Amino acid sequence: MKIQQRKITVVGAGFVGMTTAAKCAERNLAAEVVLTDIVEGRPQGIALDLNQSAAVEGWTTHVTGTNDPADTRDSDLFIVTAGKPRKPGMSRSDLLEVNGKVIASVAETIRDGSPEAIVIVVTNPLDTMVHLMRAKLGFPGRRVVGMAGVLDSARFSLFLAEATGTSVKDVDAMVLGAHGDSMVPMPRACTVNGVAALDLIDGATMDALADRTRHGGAEIVKLLKTGSAYYAPAAGSVAMAASILNDERRVLPCACFLNGQYGFEGIYMGVPAVLGAGGVEDIVELSLDTEARIQMQKTAGAVQGDLESLRDLGLL
Ligand code: APR
């Protein structure tokens, strides 16, 4: 699909949504980026500000700010950031009820106006919200994907770069599993330009970095006091959007609907995926050692627990 014909809708014009819309526009990922929110004036104001910045920076995307779901019609791609962020002391699961209702209403807009779209969900608790989104949409799993692994891996990469004294550009890190405390950082899969990271730092240091990654979101929530991270979540979702819209087929860790891969059936889980024009084109299965397999079972249990809570609330 030509860029002149592409339309991206970013749902939610809060911190993550506005940053995502800006990155999509600055990268000329689409002819039009629609930014939508329930708060009157906010998406319109951000759109006007962004379009004025285009005059300085020279990009050609038009940003439309709106409260009208009809303006999202025929979008090729949605990035859903609508919903509440965490406050200090909260877990992502504390957002289940409030954000579950938001996702259900956003799904209606997408299903009615853009039945062929690909959907990237960013709203937390991520694994449960992306599951709910797919269930409400009735889309094939390959067209509904969650952004978490890119973010968690980026956090791990930064910590590894700092610990090894190397450029973050050369560090590749991998985090699987749910986007929560039970996530599964993969030390053996981490490299610095092909060199195993475990050849550069000792096991205890690696464990400490993996642990900091697990609590990377909470560390930022604690510092900000109101709201949660937005630059790296926006960067993660835009990397996924670019791989899909440009058919780049990048291998990015994302929350994918599993059909037997890694031994799981019918749930979303963070795994490495090939992202291309059709959405999730393929899922890469890493060989896991016993410890990682146990951790994957644990993380799946945490997602199942949240799905149960969603069912108890009558939302799923
Ligand atoms: N449709 C559109 N927008 C909505 C809806 C809805 N049904 N419900 C809420 N919103 C909007 C709010 O009005 C607000 O502007 O979503 C926006 C959320 O913005 P912030 O409160 O700034 O939250 P943000 O930091 O952007 O995080 C959004 O992403 O990373 C996750 O955990 C985070 O779940 C949170 C989400």
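Here is a quick tour of a ligand site, some salt bridges and two residues worth a look. Keep in mind that the model is predicted. The ligand has 19 residues around it, and the protein covers 84% of the 740 Å² of accessible area that the ligand has on its own. Elsewhere, the salt bridges come to six, and Asp-127 is a buried residue with no salt bridge.

**Around the ligand**

- Out of the 19 residues that surround the ligand, the ones that come nearest are Phe-15, Val-16, Asp-37, Lys-84 and Asn-124.
- Asp-37 has a side-chain N or O atom 2.7 Å from an oxygen atom of the ligand.
- Asn-124 does something along those lines, with an N or O atom of its side chain 2.9 Å from a ligand oxygen.
- Asn-99 also joins in: here an N or O atom of the side chain and an oxygen atom of the ligand are 3.5 Å apart.
- As for how covered the ligand is, on its own it has 740 Å² of accessible area, and the protein covers 84% of that.

**Salt bridges**

- The count of salt bridges comes to six, and three of them are described here, including one between Glu-97 and Lys-101.
- In the Glu-97 and Lys-101 pair, the closest N and O atoms are 3.5 Å apart.
- Both of these residues sit in helix H3, which runs over residues 96–113, and they are four residues apart, or about one turn of the helix.
- Neither end is hidden away: Glu-97 is partly exposed at a relative accessible area of 39%, and Lys-101 is partly exposed at 48%.
- Arg-311 and Glu-308 bring their side chains together in another salt bridge, at 2.9 Å from N to O.
- This pair belongs to helix H9 (residues 290–312), where Arg-311 and Glu-308 are three residues apart, again about one turn of the helix.
- Arg-311 counts as partly exposed, with 38% relative accessibility, and so does Glu-308, with 42%.
- Glu-219 pairs up with Arg-212 in a salt bridge, and their closest N and O atoms are 3.0 Å apart.
- Glu-219 is partly exposed at 31% relative accessibility, while Arg-212 is partly exposed with a relative accessible area of 35%.

**Asp-127, a buried charge**

- You'll find Asp-127 in helix H4, which covers residues 126–137.
- Asp-127 is buried but has no salt bridge, and the nearest side chain of opposite charge belongs to Arg-92, 7.7 Å away.
- That rules out a salt bridge with Arg-92, because the nitrogen and the carboxyl oxygen would have to be within 4 Å.
- What Asp-127 does have is a polar atom in its side chain that lies 2.8 Å from the backbone nitrogen of His-179.
- Setting aside neighbours within four places in sequence, Asp-127 is in contact with Gly-177, Ala-178, His-179, Ala-255, Tyr-268, Met-269, Gly-270 and Val-303.

**Gln-261, in a loop**

- Gln-261 sits in the loop that links strand E12 (250–259) and strand E13 (265–276).
- A polar atom of the Gln-261 side chain is 2.6 Å from the backbone nitrogen of Asn-259.
- Once neighbours within four places in sequence are left out, Gln-261 is in contact with Ile-283 and Glu-285.

Definitions and conventions: Residues are numbered from 1 along each chain as its sequence is written. This is a predicted model: local features need pLDDT of at least 70, side-chain atom pairs count only at pLDDT 80 or more; totals for chains, interfaces and linings use all residues. Side-chain values use heavy atoms; hydrogens and water are left out. Helices (H or I, at least four residues) and strands (E, at least two) are DSSP runs, numbered from the N terminus. Buried means under 20% relative accessible area, exposed over 50%, partly exposed in between (1.4 Å probe, protein chains only). Lys and Arg count as positive and Asp and Glu as negative; His and the chain ends are not counted. A polar contact is a pair of N or O atoms within 3.5 Å; within protein, one must be able to donate a hydrogen and the other to accept it, and residues adjacent in sequence count only if both atoms are side-chain atoms. Contact means heavy atoms within 4.5 Å. A residue is near a molecule or strand if one of its heavy atoms lies within 4 Å of it. Accessible areas come from the Shrake-Rupley method with a 1.4 Å probe; for residues, only the protein chains shown count as cover.
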